[in-house]
Each structure stands twice: as structure tokens, then as C-alpha cells.
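Me: I am new to this structure and would like a close look at one part of it. Could you set that part in the context of the whole chain and take it slowly?

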Amino acid sequence: MNATVLFNFLMIAGAIQGFVFNIATLLSRKKIEKPVLFLNLFVLFISLNNLQSWWVEKNLISTNFFIRHFLAPWYILIVPMFYVFLIYYLELEKKRKHFLIFSGILFLLAILARSLVLGLASKGLISEEGISNYNMGEDIVALSYSIFLFIKSVRLLFNYRALYSQILAFDDLLWIKRFMFFGGGVFLLWMLAIFFNLTGIVKAPYSYYPLRLGSSLLIYWVGYQAFFRYIVMKDRILLRKEIRNDLPTGDTDIQFNLKQARKMQKEEKTFKLINDYILEQQKYLDPYLSLEQVSEELAIGISSLSKIMNTQTGSNFPEYINNLRVAEAKKFLADESFSPYTIVAIGLE
């Protein structure tokens with residue numbers, strides 16, 4: 001099996017995998033949320049692009065001149081769909097432009113331009129070389145626009161954390177940041193493919209083999225990651241509302257009780273006060289809870305608080321909090337009313 005046959009096999013296999021992903025994710029949701037919709041469009045356009053490339057490589061296209069040269073520019077829509085997915089995933093649709101309409105217009109303009117070029121070529125007014133030059137120009141425009149949105153995505157993730165702080169309570173977004181890092185490598189492969197075509201070092205379609213294979217593997221991976229992460233995040237948001245719907249409201253007598261505890265100078269009563277506070281306020285459900293935070297909220301010195309926890313519980317503060325979390329998880333895992341939620345979501349909450 002030579003490299004071309006292997007590449008074509010991987011390309012059509014990737015396209016089929018993408019279509020299976022679309023069908024499976026859409027059928028698994030009673031309601032198609034916008035993040036899921038645009039994630040599926042993201043994978044769909046990659047699959048269509050791979051299918052089209054495979055179709056061309058296998059020479060299965062009609063002998064008609066126009067049809068043989070007319071290739072839909074699906075790759076123009078791939079990065080825009082991911083960017084729109086990111087906007088909705090981070091719940092920033094009201095704060096950031098998603099460029100969805102502009103991307104659609106650019107796609108339609110590319111189709112019209114290609115139709116015009118092929119129409120002139122069919123009449124002998126444009127040569128085969130002219131068609132190749134148009135393909136190169138279209139590729140450069142698509143690359144430039146994709147890099148523009150890629151940079152906006154990177155800036156959004158790393159420079160505007162305050163805009164999506166509520167999402168960080170449920171997802172640290174490390175998986176997206178890793179994708180951005182490797183995505184930069186895919187853009188480098190794209191630029192190299194254009195460079196090889198311009199210089200004639202490697203001719204198409206061979207110059208695009210590394211790009212198509214690398215981008216397909218990376219993007220299909222992020223598709224599954226994104227869908228899984230989105231489901232877990234939504235489950236955690238709903239779970240948190242149910243778990244915390246009985247939280248006490250209004251002013252409490254915590255400070256008064258603390259003063260009384262300090263007056264009595266009895267470690268047991270101080271621990272009971274701390275324990276009651278953490279349980280009643282369900283502080284153990286806060287993923288960022290720390291000894292320093294409890295110390296500040298209850299106006300107890302960190303060293304004193306640490307000593308009390310060690311003495312009264314026989315363990316340190318993190319172990320004490322984790323034991324409470326495990327007990328809470330067991331309660332919900334045993335409750336049949338929470339069976340629709342995944343174990344992962346309950347565990348993370």
C-alpha cells in the first residue's frame with residue numbers, strides 16, 4: 001500500500017467518522033443547543049472538505065469541465081464555525097461579534113467567483129493555469145481569514161478571562177488551550193502547503209497531504225472533547241442549582257457566634273462553629289475553597305484554623321473538605337432522581 005492509497009483511506013475514514021459524529025450527537029440531544037449546533041457544523045464542514053478531496057483524488061468526478069473543476073470552498077467555514085462555537089460555549093454571544101454572517105457572505109462570494117472563473121475557462125477565455133492561480137488566491141484569502149479568527153480566539157481565551165469567569169467555575173478550558181497550541185501547527189502546515197505550491201517545490205494535491213491529515217486528526221479529537229465537555233458542564237450547572245437551592249439566605253449570626261467562641265476559648269466549640277458554617281453554607285461545593293478563604297470569612301487566623309482542623313478532625317483541611325464532597329456525591333449517586341446526570345458531572349460537582 002503506497003502513501004497515496006493510505007492517505008485516501010485515512011481521508012475517507014475521517015469523513016465517515018465526522019458524519020457519524022454529527023448523527024450521534026444530534027440524535028443524543030432532545031434540544032439542539034447552539035454550542036452543539038455550531039460544533040456539529042464545524043465537524044461537518046471538515047468532513048465535507050475531506051469527502052470532496054477524496055472524491056477528486058479517486059477521479060470520481062464527472063467528465064464535465066465545470067463540474068470537474070468546481071470545488072465547494074468548505075474550508076472557508078471551518079474556523080468560523082469553531083469561533084462561533086467558542087463564543088456560545090463561553091456564553092459571550094452578547095459581548096462579542098461572531099462573524100457568522102460575514103463568513104456566510106465570504107463563502108457565497110467564493111462560490112460565485114469560482115463559477116465566474118470556470119464559466120470563462122469553459123469558453124477558452126481563461127487557461128488551466130488561470131484556474132490554478134484562482135485556486136491559490138482563494139486559498140490565501142481563506143487562510144488569512146482563518147488566521148484572523150484564530151488570533152481572536154486565542155486572545156479571547158487568554159486575555160479576557162473576566163468575561164467568562166462563570167464558565168471557569170465548571171471548566172478550566174485547558175483542553176481548548178491545548179487545541180489552540182496544536183492548531184497553530186495546523187496553520188503552519190497550511191502556510192507551507194501554499195508556499196510549496198507557489199514555488200513549485202511540491203505540487204498539489206501532495207502539498208496538502210500533511211495539512212489535511214493533521215487537521216483532521218486534531219479537529220475530530222477536539223470535536224469529541226468539546227461535545228463531552230459541554231455535556232458535563234451543562235450537567236454541572238443544573239446540578240449546582242439543584243444542590244444549592246436550599247442554601248440559607250439573609251444575614252446570619254456567624255460573626256456574633258465567632259465572638260462568643262473566642263470568648264469561651266474552647267477549641268471544640270470553635271470547630272463546631274466552623275463545621276456548621278461550612279455545612280450550612282455548603283462551602284465544600286466551591287471548587288476554589290481554600291483554608292485562606294475560610295480564615296478570612298470567619299476572621300480566624302490561618303495558623304489557628306489549621307491547628308483546630310488538625311486537632312478536631314485528625315486530618316488537614318483539604319482532606320476534611322474532600323471527605324464532605326465524597327459524602328455529598330454518595331448521597332446524590334444513591335438518589336434515583338439524579339440518575340439522568342452523568343457520574344462524571346456529579347463527581348465534579
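What follows is a reply that goes from the whole chain to its cores and then to a single residue.

Reply: Please keep in mind from the outset that this is a predicted model, and that the part examined closely here is Phe317, whose place is in helix 14, residues 317-333.

To begin with the chain around that residue, the protein chain holds 15 helices and zero strands, and its C-alpha trace spans about 100 × 40 × 40 Å along the principal axes. The radius of gyration of the protein chain is 28 Å, whereas a compact globule of 349 residues would have one near 20 Å. Of those 349 residues, 43% count as buried, and among the contacts in the protein chain with a separation of 6 or more, 75% are made by residues 24 or more positions apart. The protein chain exposes about 19,200 Å², of which carbon and sulfur atoms supply 63%.

The nonpolar cores come next. In soluble globular proteins, nonpolar side chains tend to be buried together. The largest nonpolar core here has 61 residues, and the members that touch the most others are Phe42, Tyr89, Leu90, Leu173 and Ile176. Several elements give two or more residues to this core, among them helix 2 (34-57), helix 4 (75-89) and helix 9 (209-243), and the largest share, 14 residues, comes from helix 4. One of the core's well-connected members, Leu173, touches Tyr89, Leu90, Leu157, Tyr164 and Leu168, when residues up to four places away in sequence are not counted. There is also a second, separate core of 18 residues, which includes Tyr277, Ile278, Val294 and Ile321.

With that background, we can return to Phe317. This residue counts as buried because its relative accessibility is 6%, and the cut-off for that word is under 20%. Leaving out residues up to four places away in sequence, Phe317 touches Ile278, Leu289, Ser290, Leu291, Val294 and Met309. Two of these partners, Ile278 and Val294, are names already met, as both are included in the second core. A further relation concerns Ser306, which is 11 residues from Phe317 in sequence, while the two C-alpha atoms are 6.9 Å apart in space.

Taken together, the close view shows a buried residue in helix 14, with contacts that include Ile278 and Val294.

How values were computed: Residues are numbered from 1 along each chain as its sequence is written. This is a predicted model: local features need pLDDT of at least 70, side-chain atom pairs count only at pLDDT 80 or more; totals for chains, interfaces and linings use all residues. Side-chain values use heavy atoms; hydrogens and water are left out. Helices (H or I, at least four residues) and strands (E, at least two) are DSSP runs, numbered from the N terminus. The radius of gyration is taken over C-alpha atoms; the globule rule is 2.2 Å times the number of residues to the power 0.38. Buried means under 20% relative accessible area, exposed over 50%, partly exposed in between (1.4 Å probe, protein chains only). Contact means heavy atoms within 4.5 Å. Accessible areas come from the Shrake-Rupley method with a 1.4 Å probe; for residues, only the protein chains shown count as cover. A nonpolar core is a set of buried Ala, Val, Leu, Ile, Met, Phe, Trp, Tyr and Cys residues joined through side-chain atoms within 4.5 Å.
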